[in-house]
Amino acid sequence: MHTAFITHPACREHHAGPWHPEAPGRLAAIEDHLIATGLDPLLRHFEAPEVTREQLLRVHDADYLDALDARSPEHGLIHVDPDTAMNPHTLAAARRAAGAVVQAADLVLAGTVQNAFCCVRPPGHHAERHRAMGFCFYNNVAVGVAHALASGRVERVAIVDFDVHHGNGTEEIFHHHPRVLLCSSFQHPFYPYTDLNFRAPNVIHAPIAAGLGSEAFCAAIEDQWLPALDSFAPQMIFISAGFDGHRDDELAQLCLTEDDYAWVTQVVCDVAAHHAHGRVVSVLEGGYDLLALARSVRAHLEVLLT
Ligand SMILES: [Zn+2]
């Protein structure tokens with residue numbers, strides 16, 4: 001029982017309109033598939049707590065949090081950008097999503113579990129210190145990393161982000177942070193159209209052109225991520241686990257498969273075993289084709305469980 005699976009029913013109450021791809025059915029598809037394939041009983045289940053304002057303030061500005069609270073609708077939808085909308089339940093879902101990563105960090109650092117997967121929404125990696133965008137409100141993985149560092153139990157934390165979109169928010173929050181390494185792979189050029197000329201010594205970009213698949217992905221990880229991870233020697237690794245680079249996912253044009261997600265998970269777990277006592281916290285980001293998402297999460301969890 002060494003892998004925690006953390007979620008909360010509130011994460012299914014947020015929706016951004018009837019045709020929005022970041023929909024509650026994503027979590028249902030994952031959980032149904034884990035039950036159908038017999039993986040579910042192997043996981044240690046936890047219900048996510050709400051993140052506290054103090055925990056959010058480590059990575060977001062107070063006036064941004066206040067503005068989100070003030071805009072939260074009593075009914076209907078409020079758009080904060082063309083892709084990102086709040087319903088009356090959005091912030092409650094977001095508080096559980098970020099709270100899940102805090103709990104995951106605590107469970108892994110205490111040795112209660114070896115690793116953890118946060119099956120949560122809304123996602124987080126596009127959320128900047130002062131801006132919601134790209135379906136994201138609170139930067140869940142950043143909240144968890146800041147919590148781990150604040151605990152005093154780790155000095156160096158790496159974030160690896162294999163979502164098909166660049167995690168601009170995580171980069172904006174942690175660029176030039178001396179205790180955080182951020183390695184990301186993403187389709188490029190593509191949303192959010194990050195300027196790759198902007199560089200920071202703790203940020204590793206592995207851009208991949210549209211239409212490419214496993215070979216380019218593996219080469220990018222091996223050539224760009226691994227040397228940086230080995231020299232940084234993280235004491236804990238967080239994963240921004242987006243599965244929207246799957247070839248069946250219509251939101252992007254990479255051609256990855258669940259085998260690629262199993263492979264990159266194994267690579268990250270090997271680095272964690274070598275440097276970080278195996279400590280891994282994985283956080284769901286994107287992934288919009290429901291079957292591909294469910295199969296990919298299963299492949300990811302099968303590696304975390306070994
Ligand atoms: Zn994405």
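How many nonpolar, polar and charged residues does the lining of the largest pocket have? By class, that lining holds eight nonpolar, five polar and three charged residues. Keep in mind that this is a predicted model.

**The pocket.** The largest pocket offers about 180 Å³ of space. It is lined by 16 residues, and those closest to its centre are G134, F135, H165, Y191 and L251.

**The cavity.** Rolling a probe the size of a water molecule over the atoms shows where empty space is left. Here the count comes to one cavity of 30 Å³ or more. The largest cavity has about 30 Å³ of space. Its lining takes in H14, A16, H20 and E22, then D83, T84 and A85, and finally F135 and F137. Sorted by class, that makes four nonpolar, three polar and two charged residues.

Here are the two spaces in one place:

| Space | Volume | Lining by class |
|---|---|---|
| Largest pocket | about 180 Å³ | eight nonpolar, five polar, three charged |
| Largest cavity | about 30 Å³ | four nonpolar, three polar, two charged |

F135 turns up in both stories: it lines the largest cavity, and it is among the residues closest to the centre of the largest pocket.

**A look at T90.** T90 sits in helix 4, which covers residues 90-110. Is T90 buried or exposed? T90 counts as buried because its relative accessible area is 0%, and the cut-off for buried is under 20%. Setting aside neighbours within four places in sequence, T90 is in contact with H14, A85, P122 and F137. Of these contacts, H14, A85 and F137 also belong to the lining of the largest cavity.

Note on methods. Residues numbered from 1 in each chain as written. Predicted model: local features only at pLDDT ≥ 70, side-chain atom pairs only at ≥ 80, totals over all residues. Heavy atoms only, no water. 1 Å grid on protein atoms, 1.4 Å probe; cavity = no way out; pocket = protein on both sides within 12 Å on 5 of 7 lines; lining within 4 Å. Points joined across faces, edges and corners; volume = space filled by probe spheres on them. Nonpolar A, V, L, I, M, F, W, Y, C, P; charged D, E, K, R; others polar. Helix = DSSP H or I, 4+ residues; strand = E, 2+ residues; numbered from the N terminus. Buried < 20%, exposed > 50% of the residue type's maximum accessible area, 1.4 Å probe, protein only. Contact = heavy atoms within 4.5 Å.
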